[in-house]
Number of protein chains: 2
Amino acid sequence: MAYQKALTVLSDPTRRAVFEGLRDGPAPAGLLAKRFPVSRPAVSQHLKVLRDAGLVDVERRGTSRIYSIRLDALRELRDWIDGFWDDALLQYKEALERDDGHRQN
Amino acid sequence: MAYQKALTVLSDPTRRAVFEGLRDGPAPAGLLAKRFPVSRPAVSQHLKVLRDAGLVDVERRGTSRIYSIRLDALRELRDWIDGFWDDALLQYKEALERDDGHRQN
DNA sequence: CTTTTTGGTAAGCCATGCTTTATGTAAGCG
DNA sequence: CGCTTACATAAAGCATGGCTTACCAAAAAG
């Protein structure tokens, strides 16, 4: 049930942008920070939140820390959304059929 | 690019619960409100936010208003997550192959 | 046309949390 | 060893936003 944490964490635009910055591959914190109009500590804190939520991984290499997407939490979020979508779609189809049925009566 | 609004809106636990309350089918506002430990106006406000984000639809029937899931916004969110997931998975596989390659050298 | 039912709107309080500046830490470098 | 690089952590300010109480609106019932 960690999709809830993921949703909470991905709600902030800046943090979401930081996370999306890892979409093409791992990157060091500094490089991520330079892309956004907020201070470097701000990005650092966002990364911490993302880490605590299990959305990213860190690996120290020399003085820099390489961040990367972590699949587990992302998968839970995907599964939740997909399940929700499936239910909603099914609901929609059933509603259509009910309407057709009524029209025939 | 409405997945951003969806993510923002679904970050609040109560609001998310209200939204999930529509997962099994449409429901009137009052019935939704009774399920949660917050006041009815609070739920009303959450429903307004969900409506503004395009996540739910309203239909007036008598004095009550029937809320239901709206597919469009949900689909955008699903597509974003799925795309992100695919990219992340691809990244993971490439990383594995790189490691294997290094091991063989 | 008053009352009831079912909700939405307004105002205000208060906690959460995002941001910045300042400081701390650990690894490479000369 | 200092010094620099690269980043984290701490403290504080300030805005956002969720909750409650109080009030309003519209449809149905009688």
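A salt bridge is a side-chain nitrogen of Lys or Arg within 4 Å of a carboxyl oxygen of Asp or Glu. Between chain A and chain B, the count is 2 salt bridges. In a salt bridge, the side chain of A:Arg23 meets that of B:Asp87, at 2.7 Å from N to O.

This is a predicted model, in which local features need pLDDT of at least 70 and side-chain atom pairs count only at pLDDT 80 or more, while totals for chains, interfaces and linings use all residues. Residues are numbered from 1 along each chain as its sequence is written, chains are lettered from A and ligands numbered from 1 in the order in which they are written, and side-chain values use heavy atoms, with hydrogens and water left out.

**Chain A with chain B**

The contact (heavy atoms within 4.5 Å) takes 31 residues from chain A and 31 residues from chain B. About 3000 Å² is buried between the two chains, 67% of it on carbon and sulfur atoms; buried area is the accessible area, for a 1.4 Å probe, that two parts lose on being put together, summed over both. On the side of chain A, the residues that lose the most area to chain B are A:Arg23, A:Phe84 and A:Trp85, together 25% of what that side buries.

The two chains also have 13 residue pairs in polar contact, both residues at pLDDT 80 or more. A polar contact is a pair of N or O atoms within 3.5 Å; within protein, one must be able to donate a hydrogen and the other to accept it, and residues adjacent in sequence count only if both atoms are side-chain atoms. Helix 1 (3–9), helix 2 and helix 5 (71–104) of chain A each give two or more residues to the side that touches chain B. Helices (H or I, at least four residues) and strands (E, at least two) are DSSP runs, numbered from the N terminus. Helix 5 of chain A supplies the largest share of that side, 16 residues.

**The DNA strands**

A residue is near a strand if one of its heavy atoms lies within 4 Å of it. DNA strand C is surrounded by 24 residues, and the closest are A:Ser39, A:His46, B:Gly30, B:Ser44 and B:Tyr67. For DNA strand D there are 24 residues, the closest being A:Gly30, A:Ser44, A:Tyr67, B:Ser39 and B:His46. Of the atoms within 4 Å of the protein, sugar or phosphate accounts for 66% in DNA strand C and 64% in DNA strand D.

Some N or O atoms of the protein and the DNA atoms they approach are listed here.

| Protein atom | DNA atom | Distance |
|---|---|---|
| A:Gln45, polar side-chain atom | strand C, base oxygen | 3.0 Å |
| B:Gly30, backbone N or O | strand C, phosphate oxygen | 2.9 Å |
| B:Thr63, side-chain N or O | strand C, sugar or linking oxygen | 3.2 Å |
| A:Gly30, backbone N or O | strand D, phosphate oxygen | 2.9 Å |
| A:Arg40, side-chain N or O | strand D, base nitrogen | 3.4 Å |
| B:His46, side-chain N or O | strand D, phosphate oxygen | 2.3 Å |

Helix 4 of chain B gives the largest share of the surface near DNA strand C, 5 residues. Near DNA strand D, the largest share, 5 residues, comes from helix 4 of chain A.

**Strands of chain B**

Two strands pair if DSSP finds at least two bridges between them. Strand 2 (residues 56–61) and strand 3 of chain B are antiparallel, with 6 bridges, and B:Val56 stands opposite B:Ile69. Strand 1 (residues 27–28) of chain B is joined to strand 3 (residues 64–69) by 2 bridges, also running antiparallel.
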